[in-house]
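Here are a few exercises to work through with the model open in your viewer. Try each one before you read the solution.

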Amino acid sequence: MRRITRIATVGIASAALALSATACGKSSNDSGSDSDSKAAKAAIAYDIGGRGDQSFNDAAYAGLKKAEDELDVKGAEAEPSSGEGDADKVQRLTSLARAGNNPVIGVGFAYAPAIKKVAAQFPDTTFGIIDDTSVTGKNIANLVFNEEQGSYLAGVAAAKASKSGTVGFIGGVEVPLIKKFEAGYVQGVKDTNPKAKVLTQYLTQPPNFDGFAKPDLGKAAAQGQLDKGADVIYAAAGLAGSGAIEAASKAGKWAIGVDSDQYNQAGLAAYKDSILTSVTKDVSDSVFNLIKSVKDGKPQTGEVRYGLATDGVGLADSNPKYKEMTDLIAAVNKAKQDIIDGKITVKTAP
């Protein structure tokens with residue numbers, strides 16, 4: 001039975017304060033019984049774009065839902081608000097911790113300052129943060145990935161699939177995390193076809209994080225790259241990446257998805273035939289594993305890394321057209337093994 005409580009947050013201070021009182025509110029089918037109140041609870045606080053981004057946040061939700069189904073955990077979700085600051089994140093995490101959720105997981109590096117503050121106030125609660133190692137503590141688990149490795153494989157696939165010799169990369173916001181995606185992708189393209197041209201564009205610069213949230217920005221950037229001859233476009237841009245996928249699809253070109261297997265995302269069904277592959281991060285399992293560790297009484301702490309060798313990152317092969325490209329698949333498989341064997345070292349910065 002689905003029992004996830006979803007908390008909507010707003011960008012108005014007074015409303016945010018009001019919500020803090022209801023952040024641990026019951027779901028519509030919560031009986032409020034004693035047994036239910038004693039049930040294990042876990043919460044995730046979403047990154048920019050929120051649930052429904054067909055990518056990063058949805059992958060985190062899948063992990064929470066899996067924990068609810070398999071571990072009998074009562075889940076709670078909290079949405080971000082547009083243009084919010086660290087104080088809003090502190091408020092959100094504090095509300096979730098006070099409600100008895102353990103663990104409380106911040107989805108994305110933007111939660112680092114807030115987790116540093118709130119984790120110290122709730123030493124008996126485990127806090128998880130995805131994509132960040134800058135904040136540490138005895139009750140903090142840093143769930144991180146070798147995105148550059150998966151992106152290298154995407155670069156190999158793009159170079160093999162391209163007919164024009166020009167491919168594109170779109171980053172949501174120019175931050176070190178997304179530069180890892182760019183670095184791996186460009187290296188994979190160039191190692192496969194040294195003559196290939198890689199067009200690179202970032203949608204916004206910090207502190208403007210709209211590049212993770214607005215599909216129209218991704219669509220416009222992709223159209224610009226298509227106009228310059230790109231026939232494969234890889235976007236690491238959260239919800240904005242869906243706009244890039246749409247543009248590539250309408251032009252009859254290839255798109256490469258990110259974080260989730262975007263070929264299987266319902267919201268992108270109209271464009272799925274153009275999604276060659278996706279660079280996957282096992283965000284779902286990272287969330288599930290942290291929740292399970294807390295329930296088992298052995299909470300994860302410190303750096304928990306997911307890489308290519310453990311299938312923590314990889315390439316999806318859901319598109320039947322991808323499976324027909326035997327030369328491409330052979331090149332990707334060889335590159336994967338060479339990375340695992342240490343024959344290829346993938347850069348983490350351009």
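**Exercise 1.** Find the helix that holds Ser 95, and decide whether Ser 95 is buried or exposed.

*Solution.* Start with the secondary structure: Ser 95 sits in helix H4. Next, check the accessibility. This is a predicted model, and in it Ser 95 has a relative accessibility of 9%. The cut-off for buried is under 20%, so Ser 95 counts as buried. To place it further, pick Ala 78, which is 17 residues away along the chain. The C-alpha atoms of the two residues are 9.7 Å apart.

**Exercise 2.** Work out how the buried residues of helix H5 are arranged around its axis, and what they pack against.

*Solution.* First, list them: within H5 (residues 112-121), the buried ones are Ala 112, Ala 114, Ile 115, Val 118 and Ala 119. Now look down the axis of H5: these buried residues fall within an arc of 145°, so they line one face of the helix. The spacing fits a general rule: an α-helix has 3.6 residues a turn, so residues three or four places apart point the same way. Then turn to the other side of H5, where Lys 116 and Ala 120 are exposed. Finally, see what the buried residues meet: they pack against helix H4 (86-98) and strands E4 (104-106), E5 (127-130) and E6 (140-145).

**Exercise 3.** Which residues touch the most other members of the largest nonpolar core?

*Solution.* That core has 64 residues, and the ones to pick out are Ile 130, Ile 178, Tyr 185, Tyr 234 and Ile 291. By element, helix H6 (residues 147-161) gives the largest share, eight residues. There's also a second, separate core of 20 residues, with Ala 114, Ala 119, Ile 129 and Ile 140 among them. Now zoom in on Ile 130: beyond four places in sequence, the residues it touches include Phe 56, Ile 105, Phe 109, Leu 143, Phe 145, Val 283 and Val 287.

**Exercise 4.** Is Glu 148 buried or exposed, and which residues is it in contact with beyond four places in sequence?

*Solution.* Locate Glu 148 in helix H6. Its relative accessibility is 6%, so Glu 148 counts as buried. Beyond four places in sequence, the contacts of Glu 148 are Lys 180, Gly 184, Val 346, Lys 347 and Thr 348.

**Exercise 5.** Where does pLDDT stay under 50?

*Solution.* Begin with the whole chain: the average pLDDT is 90, and 89% of the residues score at least 70. The stretch you're after is residues 7-36. The model does have 38 contacts beyond four places in sequence for this stretch. Still, where pLDDT is low, the predicted coordinates should not be read in detail.

Methods:
Residues numbered from 1 in each chain as written. Predicted model: local features only at pLDDT ≥ 70, side-chain atom pairs only at ≥ 80, totals over all residues. Heavy atoms only, no water. pLDDT = per-residue confidence, 0-100. Contact = heavy atoms within 4.5 Å. Buried < 20%, exposed > 50% of the residue type's maximum accessible area, 1.4 Å probe, protein only. Helix = DSSP H or I, 4+ residues; strand = E, 2+ residues; numbered from the N terminus. Arc of directions from axis to C-beta. Core = buried A, V, L, I, M, F, W, Y, C linked by side-chain atoms within 4.5 Å.
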